[in-house]
Each structure stands twice: as structure tokens, then as C-alpha cells.
Amino acid sequence: RIEAARLIPGNGAPIDNGVVIVESSRIVYAGSGQQAPPPQGELTFHVPTVMPGLWDAHCHFFGIPKIDLARVAAESPIQRAMRVGRDASRGLMAGFTSVREVGGLGIYLARAIAEGTFLGPNVYAAGSILSMTGGHGDIHDIPLSLMNSGERVVDLELCDGVPECLRAVRRQLRRGARVIKVCATGGVLSRDDMRHPQFSDEELHAIVAEAGRADRLVAAHCHGKAGIMAAVRAGVRTIEHGTFLDQEAARAMADSGAILVSTRFVGHDVLRNADAAGLPEFARAKLAAGYERGREAIGHAIEAGVQIAAGTDMIHSGDHWGSNGVELELLVECGLSPLEAIEAATATAALTVGDQAEGPAILEEGAPADLIAVAGDPTADIAVLGDADNVSHVWLQGRLIKETVVSGADGADRSAG
């Protein structure tokens, strides 16, 4: 039983003096304390704020120490895999109970978490990123024969033409992918133009249709407008980045029900210290230009009524994992209210994996008991979610994962539970 000064449901107005009751791995009550069943001897926690566990709807478990895709080929996937467990654990302790990993080693990490090797969030992973030859997922600095071997660059797969695209989707499904990721435009880290579309309409349609036969949604990396429009025509459910989204493209997304997945964090974080992040110079220039344009794109999405999901695009390993909640603050800077930013990281974010989700990321009867308690009120100060120290409790599938001591208003330390 969790009794909170405020309950934030994830898709509605906060409730003062709220109560959440959990049995096993599910919520059996969430609402006003006045209407809650009386205590029955349950273990009771008293917290300032209770809310759904957060989602990072766009991240990568590449396990590379610097933001340089060439390292995906240069380092053994075994060595890279050694790093991602720590990244996932840091995210969980910051209140991110679920992540959608859109390319990387996430399908293997998910298995390791399930068997208890690592403590980590629910991981909905895409397996390899699908790219055309010469596209965003093709590392131009290494021989094409190595890219096509599939022996070392397990995070990226090249496919050209409808038959190869079908086989590539099927290979990800065989590996256990719960979402399919495709590059529909150029990107920041690749030696191509961010605005140029990639894959033909026929290829994109084939990828979406094949994924759909297995109830998997497709996430499309899109910066340029032409690629966004092509992805929407193909039935792609989520547009990642959307840097050059304009009013026309935003209306098309809204009409189709496509979700825009924001990725403000990566630009905010990396541009402050590009040298430490190891970002190549050509990529730094593209990231800087795209970051400024991305703010305008989110404005168009808000105006058109496009649903927005929060994602960080964390690419490399390190201590920045655990700061995932800064993305919500950046969304507020772009025009969302704090409550809307929270919805982007809970209820809407869970929609990005469709039927693969364990349940809705909201506080209601029957929903998964993935919950967090927060010191302070994020609807008044969204920045509290950007600091893992403000997340006092984390419950994952009803199991208490984190409990810390917080300081009261009078300055005295007391147990949060």
C-alpha cells in the first residue's frame, strides 16, 4: 500500500492524498485515499509523490564508450556487452522501469535481465538497425564485406530490395525483437545527408507489413521531411527524431496516428562536451544544426496534436545513464506542460511498442505494478525527475527495487517508507 500526498496517474490530473494498492505484480487500486479500501495489514509506504515508472522510448545499448559508430565494428560485441548491464541498472535506479531499445545489444540484455544476471528495466529491443547500403546504419569507414558479414557488427544490418528487407525483419523476429527499427533518412553519425530519404516506398511498405504480421510496430529514424512522409505513407507507427518536421508533415502524422519520439537529451548532453563524448567533427556540426531545428519541429507537432513520447537517444555507455529524466525537462522547454511531459514518458511511451507492452504505463486497476516514488512534485518542478537521487522508491512488477532515505522539509532525514 502506497499512500502519497499526490498521485500522478500518467494520463490525467493528479490526485491529492492518493493511494495505490499492489497485489503480486499488478495494481488493484489507484485513486483517492478517501475511496480506497481500508488498510488490511499491508506493508505501507508514505511518500510525497507516486507515479508510473518512466519509459525511455528511444535508447541504445551499444556498449561503446564514445559516440562513434565505428566503435561498434572496432570492439568485440562481447566487450561491449560487458558495459550495458551497468547502463541499464543506472536507468532503473533513476525511475526508468521500461526502455525501448531501438538498436544495439538489447535483445541479449533483456534475456540476461530475465534470468537474473543483471538488475534492469523491462527492455523492448529491436535487435539490429535495418539500413540500406550506404545509409545511416552503414559504417562507411569499414569495408562493406565486414558490414555484410554479420559476424562482428551485430547491431546493424544492411538490406536492399524487398526480398532482403523481408529476410532482415524475419531475422530480427527470430532473435526475439519486440520492435523493428529502420533508417528512413540519413543521420548525424553517418556520412550522409540528414535530409535525404532512404529506402524506397516499396521497401518500407514491405518492412512494415512483415513486422505487422508478428504484431510488431516499426520505428523509423527520420530527420528529413521526405523520409518522414514516406514512413507515414508506409504505416510506420513511430517517427524518431523528426528534426525537419514541418506543418504539413505534422498534420500527416496526426492524421495517421503516428507518434513522434523526442530525442532532445542527446543534443543537450553531447553538445555541452562533444570532445569528451568522442563525437566526430562532421557529426558535431550536424547535431548542432539539428538540435536547434528540433525545437521548432516539436512545436509543429504540438500544434497539430501529434502524440509525443519521450526518448533520450542515449548512445554510449557511461555515467550519463541515470540522467534520462532530463528529457522531460527539455520537452517542457519545447512547449509541453510538466503533466504532458510526464504523459510522454509514461502512457504515450508505452504505446510505442503496441501489443508487446506488458500493459499500460498508468496507475489504474490491472496495470503492471511498475511504480516510482519521487521526492517533491514534478508537476510543479519537472527537473526533479532528472536527478536519480530524487527517486526514492522503485517498484518493478510489484517488487521493491530501490528504497532510500529522503530529507524532510524541516531538514531532518527520515525513511521514505
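E101 in strand β6 and A125 in β7 are bridge partners. The model is predicted, so local features need pLDDT of at least 70 and side-chain atom pairs count only at pLDDT 80 or more, while totals for chains, interfaces and linings use all residues. Residues are numbered from 1 along each chain as its sequence is written, and side-chain values use heavy atoms, with hydrogens and water left out. Helices (H or I, at least four residues) and strands (E, at least two) are DSSP runs numbered from the N terminus.

**Parallel sheet**

- Strand β6 (residues 96–101) runs parallel to β7, and 4 bridges join them; two strands count as paired if DSSP finds at least two bridges between them.
- The sheet is open and has 3 strands in the order β5-β6-β7, with parallel pairing.
- β5 (54–59) and β7 (122–125) each have a single partner strand, so both stand at the edges with one side lacking a neighbour in the sheet.
- From one strand to the next, the twist averages 15°.

**Helix α3 on the sheet**

- Helix α3 (residues 106–114) lies across β6 and β7 and runs at about 155° to β7; axes are lines fitted to C-alpha atoms, for helices over the stretch in contact, and angles run from 0 to 180 degrees between N-to-C directions.
- G106, I107, L109, A112 and I113 are the buried residues of α3, where buried means under 20% relative accessible area, exposed over 50% and partly exposed in between (1.4 Å probe, protein chains only).
- These buried residues pack against α2 (77–93), β6, β7 and α5 (162–175), contact being heavy atoms within 4.5 Å.
- G116, just after α3, takes a positive phi of about 90°.

**Helix pairs**

- Helix α6 (residues 201–213) packs with helix α7 (residues 225–234) at an angle of about 45°, and their axes are 9 Å apart.
- α6 and α7 are therefore oblique to each other; angles under 35 degrees count as roughly parallel, over 145 as roughly antiparallel, 65 to 115 as roughly perpendicular and the rest as oblique.
- The crossing of α6 with α7 is right-handed; a crossing is right-handed if the near helix is turned clockwise from the far one by less than a right angle, and left-handed if anticlockwise.
- D201, L204, H205 and V208 of α6 meet A230, A231, R233 and A234 of α7.
- This contact has 5 nonpolar, 1 polar and 2 charged residues; Ala, Val, Leu, Ile, Met, Phe, Trp, Tyr, Cys and Pro count as nonpolar, Asp, Glu, Lys and Arg as charged, and the others, Gly among them, as polar.
- Helix α9 (residues 264–272) and helix α11 (residues 281–304) cross at roughly 140°, with axes that come within 10 Å, which makes α9 oblique to α11.
- α9 passes α11 in a left-handed crossing.
- On the α9 side the contact is made by R264, V266, G267, H268, V270 and L271, and on the α11 side by R284, L287, A288, Y291, G294, R295 and I298.
- By class, the α9 contact with α11 has 7 nonpolar, 3 polar and 3 charged residues.

**I315**

- I315 is in the loop between β14 (308–310) and α12 (326–333) and is buried, with a relative accessible area of 8%.
- Leaving out residues up to four places away in sequence, I315 touches H60, F62, I64, I67, L189 and V266.
- G63 is 252 residues from I315 in sequence, but the C-alpha to C-alpha distance is 8.1 Å.

**Antiparallel strands**

- In strand β16 (residues 391–396), 6 of 6 residues are buried.
- β16 pairs with strand β15 (residues 371–374) in the antiparallel sense over 4 bridges, and V391 is the bridge partner of V374.
- β16 is also joined by 4 bridges to strand β17 (residues 399–403), running antiparallel, and V394 has K402 as its bridge partner in β17.
- β16 and β17 form a hairpin with 2 residues between them, and Q397 in the turn has a positive phi of about 55°.
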